[in-house]
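Reader: I've got a chain open in the viewer and I'd like to go through it with you. Could we take it one question at a time?

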Amino acid sequence: MKKQTLIFLLIMLVTSSYAHAADSVPAKIIALEKAALEKWNNGDPSGYLSLSASDVVYFDPSLPQRLNGIEALTKYYEPVKGQIHVDRYEMLHPLVQSTEKMAVLTFNLVSYQGEKASRWNCTEVYRLEDDGNWKIIQTHWSPVQPFANK
């Protein structure tokens, strides 16, 4: 009987630990994104650059095509250093869908400069690296453009 109880407790411990780890992925990913946004909103793109993998790909509505790799992203962000100032922001409807090694974060972003609001859709694909850190491997930003009333 003691052996069965011990096996049962061991199974419960392992299952509980796995469930807790799986539940923490969304919170971890959202926290990483918010930390990068905080820096970005103060003119510092380093939060996103340090969060991006070397093979990151990046889509932005101001670009004619995708950027490939951290070097291209770093070069693209260089001119915006110190140029972006957001008073406050709202990350709306964040959703993280994940597997053991991949997570996709989608959200709506509203950035405020004074009373002026900019609205964006964002998709970030994160990969769990061998060192245990989550890194962005794909970013896609697009402005929110509601359908016009006809």
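Reader: What pattern does the chain follow, read along the sequence?

Author: Bear in mind that this is a predicted model. The chain has three helices and six strands. Put in sequence order, they follow the pattern α-α-β-β-α-β-β-β-β.

Reader: Okay, and which element gives the most to the largest nonpolar core?

Author: That core has 29 residues, and I29, Y48, F107 and Y126 are the ones with the most contacts inside it. Helices α1 (2-40), α2 (46-51) and α3 (70-77) each supply at least two of its residues, as do strands including β1 (52-59) and β6 (134-143). The top contributor, with six residues, is α1.

Reader: Y126 caught my eye. Which residues is Y126 in contact with, leaving aside neighbours within four places in sequence?

Author: Y126 is among the residues with the most contacts inside the core, and so is I29. Once the sequence neighbours are set aside, the partners of Y126 are I29, L32, E33, L51, K101, M102, A103, L105, W134, K135 and I136.

Reader: What share of the chain's contacts with a separation of 6 or more comes from residues 24 or more positions apart?

Author: The chain has 150 residues, and buried ones make up 31% of them. For contacts with a separation of 6 or more, the share from residues 24 or more positions apart is 48%.

Reader: On to pockets, then. How much space lies in the largest pocket?

Author: Its lining counts 20 residues, with W40, I84, L109, S111 and W120 nearest the centre. Two or more lining residues come from each of α1, α3, β4 and β5. By class, the lining divides into 13 nonpolar, five polar and two charged residues. The space inside is about 520 Å³.

Reader: S111 is one of the residues nearest that pocket's centre. Is S111 buried or exposed?

Author: S111 sits in strand β4 and, leaving out neighbours within four places in sequence, is in contact with V86, R88, Y89, K116, A117 and S118. The cut-off for buried is under 20% relative accessible area. S111 has 12%, so it counts as buried.

Reader: Now M91: how far apart in space are M91 and C122, C-alpha to C-alpha?

Author: M91 is found in strand β3 and is buried, with a relative accessible area of 13%. Beyond four places in sequence, M91 touches I30, E33, K34, L37, F107 and N108. M91 and C122 are 31 residues apart in sequence, and their C-alpha to C-alpha distance is 9.9 Å.

Reader: Here's another long-range pair. What's the C-alpha to C-alpha distance between S50 and K135?

Author: S50 belongs to helix α2 and counts as partly exposed, at 48% relative accessibility. In sequence, S50 and K135 are 85 residues apart, while in space the C-alpha to C-alpha distance is 8.4 Å.

Reader: My backbone check flagged a residue in β3. Which residue in strand β3 has a positive phi although it is not a glycine?

Author: Most residues other than glycine have a negative phi. The residue in question has a phi of about 55°, and its place is in strand β3. With 61% relative accessibility against a cut-off of over 50%, it counts as exposed. The residue is H93.

Reader: Last one: what percentage of the accessible surface belongs to carbon and sulfur atoms?

Author: The accessible surface of the chain comes to about 10,000 Å². Of that, the part that belongs to carbon and sulfur atoms is 58%.

Notes: Residues are numbered from 1 along each chain as its sequence is written. This is a predicted model: local features need pLDDT of at least 70, side-chain atom pairs count only at pLDDT 80 or more; totals for chains, interfaces and linings use all residues. Side-chain values use heavy atoms; hydrogens and water are left out. A nonpolar core is a set of buried Ala, Val, Leu, Ile, Met, Phe, Trp, Tyr and Cys residues joined through side-chain atoms within 4.5 Å. Buried means under 20% relative accessible area, exposed over 50%, partly exposed in between (1.4 Å probe, protein chains only). Helices (H or I, at least four residues) and strands (E, at least two) are DSSP runs, numbered from the N terminus. Contact means heavy atoms within 4.5 Å. On a 1 Å grid over the protein atoms alone, a cavity is a set of points where a 1.4 Å probe fits but cannot get out, and a pocket is an open set with protein on both sides within 12 Å along at least five of seven lines; lining residues have an atom within 4 Å of a point. Grid points are joined across faces, edges and corners, and a volume is the space filled by probe spheres set on the points. Ala, Val, Leu, Ile, Met, Phe, Trp, Tyr, Cys and Pro count as nonpolar, Asp, Glu, Lys and Arg as charged, and the others, Gly among them, as polar. Accessible areas come from the Shrake-Rupley method with a 1.4 Å probe; for residues, only the protein chains shown count as cover.
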